[in-house]
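Thanks for making the time this morning. I would like to walk through one protein model with you, going from the inside to the surface and then to the side-chain pairs.

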Amino acid sequence: MLRSRPHAAWSSGVAGYAASAALVALATLLCDQARPYLSPVNMVMGYLLVVVLAALFLGRRPAMLSALLGVLAFDFFFVPPRLSFRIADKEYLVTFLALFTVGLVISSLVAKARESLDALRVRERQTASLYRLSRDLAAATDTASLAAAAVANLEDSLGGQVALILGQEGELAPAAASLGFVMDAGTLQVAEWCLRSRRLAGGGTDSYGSDRLTYVPLKALAETHGVLALRLAEQAERLDVELQRLLAAYATQIAMALERLRLLRQAQETRILKERENLERALLNSISHDLRTPLTAITGALSAVLEEGDKLTSASRDELLQTAREEAARLNRFVGNLLDMTRLEAGVLQLKKEPCDVQDLIGTALATVEPRLAGIAVSVRLAPELPLVSLDFVLMLQVLVNLLDNALKHAAAGGELEIAARVAGERLEIGVADRGPGVPEADLPHIFEKFYRTPVPEGVGGTGLGLSICRGIVEAHGGTIRAEHREGKGLRIVVEVPLGVAAEGNVDER
């Protein structure tokens, strides 16, 4: 138990006094057996031993009774004349007084020592209980686990049943409760009063004293987080000071843990808000730059053709128009990436799957980026007899184009690209590799994250969306995408998709 109690069942009622009388009778019997060998004065020690035993095991009042009965028994059975309360030698009166006085003193001292020991043991158990509670509360990472830990600890420590009632969306509701704990409208009404008043309520208190439960407010600084409702195993008419102090300690521990979670949530929300603002600012700057650059080139090229058309040679005019077309295509890819990312995040991407020839897929992707392949050596290695694969041709084409575009950003003039395709088990594996500077080891796990950029050659930009879109499309097919270093230098990105049906729920077979 976590509260002080009378020493034992023997210490109260008739049983304790009967046991005390029985000890005196036993001591009298033993002293009578030793009477031929001991003087009456030495027998006093036997009765003092009885007083000590009664104080240790029966309590203060039974020990005092044993002192009185010991004096009477000593006088009646051992002081001449025996079997009479008359005293022949008046000096025995001093012995009686000393025996009774010493018995009272010993019983009082031993009982006080025993009560102090019991109080220390209770405090030790209370301290251990508070430690276990604080340890479990500190390990809780959310309100649900915290409430469950609080209820389990208090149920084990106090006995009875426990419920933790917290404010949720402006109304009180149970967050956790002991098995079989029933709460009705009246319970929540008293809990609401306890929450508002920040005072104890229910059984054993001045407020709602007839209620079968005891309510303890969870106060932390200026805020009250909820109410602790308890149905104690031993419900007294009045809560003693010790129990009130213990309940207040439990409530404070729980309230501070709830306050910690609240502050942690606020800190996380603040951090997320700050990161979102930084991301939005970076995204706005990136989009502004990536839109302005091709628009400036297109506007400049078309203006030159319109204003200086008569003065330009045919070759110069064709070059300007070609530049405008390339920049328009770049702008179109950029806007398409933004739209595709929006569709992926909204979860509305649908696959239109059909049997696809892998060679046609790779050939179409190379044809799309052909204007940018000047000065780049491209090698294609396809495994023989590749089967038709069930894919969304348009979306997988976009994946390959984005991978080639990413490789070209890192491939210097005179560099090389390598495209390989093979069947690995039940999956198609397509790899796109370059001999560029590669990606730092620390950046490798992050290159498929949205808006993440790695260092690229000067003058080459990007939004950080291409590889993220690739991952979304590949995963919609039920596949995986990864990046790995090549021997020497360079980067290889590998796409794996199932040969058959794509991931369930992402397919539109129209």
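Let me begin with a question: is Cys 470 buried or exposed? Cys 470 has a relative accessible area of 0%, and because anything under 20% is classed as buried, Cys 470 is a buried residue. Before I go further, please keep in mind that this is a predicted model, and that every value I quote has been computed from it.

Cys 470 belongs to helix α11, where the buried residues are Gly 466, Leu 467, Ser 468, Ile 469, Cys 470, Gly 472, Ile 473, Val 474 and Ala 476. Helix α11 spans residues 466-476, and since nine of its eleven residues are buried, the helix is largely enclosed by the rest of the structure. Just after α11 the backbone of Gly 478 takes a positive phi, at about 80°. One of the buried residues of α11, Leu 467, is touched by Asn 406, which also touches Ile 493, if we leave aside residues up to four places away in sequence. Asn 406 itself is found in helix α10, residues 393-410, and with a relative accessible area of 14% it too is buried.

Staying with cysteines for a moment, Cys 194 likewise has 0% relative accessibility and counts as buried. A disulfide, as a reminder, is a covalent bond between the sulfur atoms of two cysteines. A search of the whole structure for such bonds finds zero of them.

Now for the overall picture. The protein has eleven helices and 14 strands, and of its 510 residues 40% are buried. If we take the contacts with a sequence separation of 6 or more, 66% of them join residues that are 24 or more positions apart. The exposed area of the protein comes to about 27700 Å², of which carbon and sulfur atoms supply 58%.

Which residues form a nonpolar patch on that surface? They are Leu 26, Leu 29 and Leu 30, and together they have about 300 Å² of accessible area. Leu 26 sits in helix α1, residues 13-33, and Leu 30 lies in helix α1 as well. In an α-helix there are 3.6 residues a turn, so residues three or four places apart point the same way. Leu 26 counts as partly exposed at 45% relative accessibility, whereas Leu 30 counts as exposed at 54%. From Leu 30 to Met 43 the C-alpha to C-alpha distance is 9.5 Å, with their positions 13 residues apart in sequence.

Another helix worth a look is α3, residues 60-78, where we find Arg 60. Arg 60 is partly exposed at 26% relative accessibility, and, not counting residues up to four places away in sequence, it touches Ser 108, Ala 111, Lys 112 and Glu 115.

Turning to aromatic side chains, the search of the whole structure finds two pairs. In one of them, Phe 76 and Phe 77 have ring centres 5.0 Å apart and planes at 80°, so the pair is edge-to-face. The rings of Trp 193 and Tyr 208 also make an edge-to-face pair, because their planes stand at 70°, with the centres 5.7 Å apart. Trp 193 lies in helix α6 and Tyr 208 in the loop between β3 and β4, so this pair ties together parts that are 15 residues apart in sequence.

Finally, the charged pairs. Side chains of opposite charge can pair when their charged atoms come close, and here the count is twelve salt bridges. In the one between Arg 262 and Glu 223, the closest N and O atoms are 3.5 Å apart. Since Arg 262 lies in helix α7 and Glu 223 in strand β5, that salt bridge ties together parts that are 39 residues apart in sequence.

A network of salt bridges links Arg 422, Arg 427, Glu 429, Arg 482, Glu 484, Arg 492 and Glu 496. Within it, Glu 429 pairs with Arg 422 at 3.2 Å between the closest N and O atoms, and Arg 482 pairs with Glu 484 at 3.4 Å. Glu 429 counts as buried at 7% relative accessibility, while its partner Arg 422 is partly exposed, with a relative accessible area of 42%. I will stop there and take questions.

Note on methods. Residues numbered from 1 in each chain as written. Heavy atoms only, no water. Helix = DSSP H or I, 4+ residues; strand = E, 2+ residues; numbered from the N terminus. Buried < 20%, exposed > 50% of the residue type's maximum accessible area, 1.4 Å probe, protein only. Contact = heavy atoms within 4.5 Å. Areas by Shrake-Rupley, 256 points an atom, 1.4 Å probe, with all protein chains shown as cover. Patch = residues over 30% accessible without salt bridge, like charges linked within 9 Å, V, L, I, M, F, W, Y side chains within 5 Å. Salt bridge = Lys/Arg side-chain N within 4 Å of Asp/Glu carboxyl O. Disulfide = S-S within 2.5 Å. Phe/Tyr/Trp six-rings, centres within 6.5 Å; stacked < 30°, edge-to-face > 60°.
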